[in-house]
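Grab a pencil and work through these exercises one at a time. Try each task yourself before you read the solution below it.

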Amino acid sequence: MNAYFPPIDPLKLEAAWKAADTLAKSCRGSSPLSPRPSEPDGEAPLTIDAAGLRVDFARQQIPPHAQSALHALAEAAALANWRDAMLRGETVNASEGRAALHTALRDPNGELTDDLPESVRHTVRQTLARMRTISDQVRSGVWRGASGRPISDVLHLGIGGSQLGPELACDALHRFSHPRLRNHFLGNIDPDRWHRVSRDLNPHTTLIIIASKSWRTPETARNAQAARQWLLDAGIAEGLLGRHLVAVSSNLEAAQSLGVLPENILACPDWVGGRYSLWGAVGLPIMMQVGPEAFDAMLAGARSMDSHFARAPVSGNAPMQLALTSAWNAARLGSGTEAVIPYSDALRRLPAHLQQLQMESNGKSVNARGEPLSRATMPVVWGEPGTDSQHSFFQALHQGVAIHPIDLIMVGGVSDTDPWLRSRVLNANAVAQAQALSNGYEHADPQRRHPGGRPVTIIHLPQLNPATLGALIALYEHKTVCLGWLWGVNPFDQWGVELGKRLAVNVEALMTASTDQVAPPEAVAELTLDPATESTLRYLKSL
């Protein structure tokens, strides 16, 4: 397949970047802009309603005249062309020669675009149907373990995109959980993590989902072997292991060798990357927890955001404006980070999911054609839930020298059925923090002065349910790819992840070699040891 590249004029793009950079740098050290509740005709809206969410940019430090420069940048980078090409299934993942059709996973009937091959929609519908069958069997108690008892716990083995997205969704939608089922996630290969997870599980009532597209991810493969042995040690016969195993993988042979029955292997299409994959088979633990109808509602919420992304102009397009705002802040502040603070404990895993989604997608130093980049790309994404974080790192956000842009995620309004009014207090804190970060506080004592001018975006969910969660995650997915296209990188590959995994195999081989041997054996000759690595290996062997 020929890779898709839109018609971009490099000179025009560089001029657009230079104009935006110059404006951004001219604003460094200037007086903070006051938040604006409304804007004159002709300016970009400061709040955007998208798929049931309200995205409020009123506290961003972007002067009105800079918006036109940012929109010119979006046009020069051909954001609309890239978006349309992705949605119709062009090969936008150039380095791997693949499409990026995560949006198709939540559009089984082709409501958003009819340009996709029927084979894609057929795959999506077939996978969803198989997921529903397995989910219904487990939730109803029809699916029983080897001892004839219904499933009480679902243990999901995966790492990175195969774990963080489903774990976020299951945490966020805990109020919709099946009364009997509990979900658990194991990604880390550390045996201590396995010990802490498995001690609360009964192998006779546990269903294990192994999510690994290639089955070559060492953490998941080793954890799967440990889990299999755990089942055998509990007295479950090898021929009955299939009662406790489901796989999400394209490596059918490896899954079956572990004991997974062929009908319980759900395939991963190569046109979906792991960090964009929770909408398909990787989302099976979500469907088991909340049920097929709620899972469909999550897909519908994401599809609604897809529709907004596909149709809204740049000035009113929430994902595009998030991306342009991020690019502006990176140029103006140079802090190299972005904080995400959910004022909802149910969304406590959102920062971790966004770390992987955004940093794995856009942490690149060459563009999609392999050419070096002239500017920094992905800031570090970090965060913790409010109000915990207010008593942790907010001191640095308010009064530190470095300025870090912040996304505050809020849920609900002022009504509160809790007798201690905790939800109301939670939202009051979110609004107060946004006010303090933006406006600052003048005081005669410099120790008590707050400079303000901290850029804040508030993303508000009227309530947290499957539809709004789907819209929120899709919002950030589209922000991520738009940022990648602005910088010129391919947001769908992750070669930086692969090298360390390959070298780890070689290092492990050396760990089992004789004490004096530090040169790699023939099978692992790819690894060239530097003196520091040789020293570390000798030390580890001495223990």
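Before you start, here's how elements get their names: helices (H or I, at least four residues) and strands (E, at least two) are DSSP runs, numbered from the N terminus. Keep in mind too that this is a predicted model.

**Exercise 1. A cis peptide bond**

Task: Find where T387 sits, and work out what is special about the peptide bond from G386 to T387.

Solution:
- Step 1: Look between β9 (380-382) and α14 (394-399); T387 is in the loop there.
- Step 2: Check omega for the bond from G386 to T387, which is near 15°. That bond is cis.

**Exercise 2. Positive phi values**

Task: For W215 and then L421, give phi, the loop and the burial class.

Solution:
- Step 1: Start with W215, a residue other than glycine whose phi is positive, near 65°.
- Step 2: Place W215 in the loop between β5 (206-211) and α8 (218-233).
- Step 3: Use the cut-off: buried means under 20% relative accessible area. W215 has 14%, so W215 is buried.
- Step 4: Move on to L421, which isn't glycine either and has a positive phi near 55°.
- Step 5: L421 belongs to the loop between β10 (406-411) and α15 (422-439). With a relative accessible area of 34%, L421 is partly exposed.

**Exercise 3. How α12 meets α16**

Task: Describe how helix α12 (residues 318-333) packs on helix α16 (residues 466-487).

Solution:
- Step 1: Get the geometry. The two helices, α12 and α16, pack at about 50°, and their axes are 8 Å apart.
- Step 2: Name the arrangement. That angle makes α12 oblique to α16.
- Step 3: Add the handedness: the crossing of α12 past α16 is right-handed.
- Step 4: List who touches whom. From α12 come A318, P319, M320, L322, A323, L324, S326 and A327, and they meet L475, H478, K479, C482, L483 and L486 of α16.
- Step 5: Sort the contact by class, and you get 11 nonpolar, two polar and one charged residues.

**Exercise 4. How α11 meets α16**

Task: Do the job again for helix α11 (residues 292-311) and α16.

Solution:
- Step 1: Here the angle is about 40°, and the axes of α11 and α16 lie 7 Å apart.
- Step 2: That makes α11 oblique to α16.
- Step 3: α11 and α16 cross in a right-handed way.
- Step 4: On the α11 side, the residues in contact are A294, A297, M298, G301, A302, M305, D306 and F309. Their partners in α16 include P466, A467, L469, G470 and A471, and also A474, L475, H478, C482 and W485.
- Step 5: By class, the contact of α11 with α16 splits into 14 nonpolar, three polar and one charged residues.

**Exercise 5. The buried side of α2**

Task: Which residues of helix α2 (residues 64-76) are buried, and what do the buried residues pack against?

Solution:
- Step 1: Pick out the buried residues of α2: A66, Q67, A69, L70, L73, A74 and A76.
- Step 2: Look at their neighbours. The buried residues of α2 pack against α1 (10-26), α3 (79-87), α12 and α16.
- Step 3: Check what comes after the helix: α2 is followed by A78, which has a positive phi near 60°.

**Exercise 6. Salt bridges**

Task: How many salt bridges are there, and how exposed are the partners R125 and E118, D445 and R448, and E534 and R538?

Solution:
- Step 1: Recall the rule: a side-chain nitrogen of Lys or Arg lies within 4 Å of a carboxyl oxygen of Asp or Glu. Counting by this rule gives 28 salt bridges.
- Step 2: Take R125 and E118, whose closest N and O atoms are 2.4 Å apart. R125 is partly exposed at 31%, and E118 is partly exposed at 43%.
- Step 3: Next come D445 and R448, bridged at 3.7 Å, N to O. D445 is partly exposed at 28%, while R448 is exposed at 52%.
- Step 4: Then look at E534 and R538, with an N to O distance of 3.8 Å. Both sit in helix α18 (residues 531-542), four residues apart, or about one turn of the helix. E534 is partly exposed at 24%, and R538 is partly exposed at 42%.
- Step 5: Finish with a network: salt bridges with shared partners join E14, D21 and R375.

Methods: Residues numbered from 1 in each chain as written. Predicted model: local features only at pLDDT ≥ 70, side-chain atom pairs only at ≥ 80, totals over all residues. Heavy atoms only, no water. Axes fitted to C-alpha atoms, helices over the stretch in contact; angles between N-to-C directions. Parallel < 35°, antiparallel > 145°, perpendicular 65-115°, else oblique. Left-handed = near helix turned anticlockwise from the far one by under 90°. Contact = heavy atoms within 4.5 Å. Nonpolar A, V, L, I, M, F, W, Y, C, P; charged D, E, K, R; others polar. Buried < 20%, exposed > 50% of the residue type's maximum accessible area, 1.4 Å probe, protein only.
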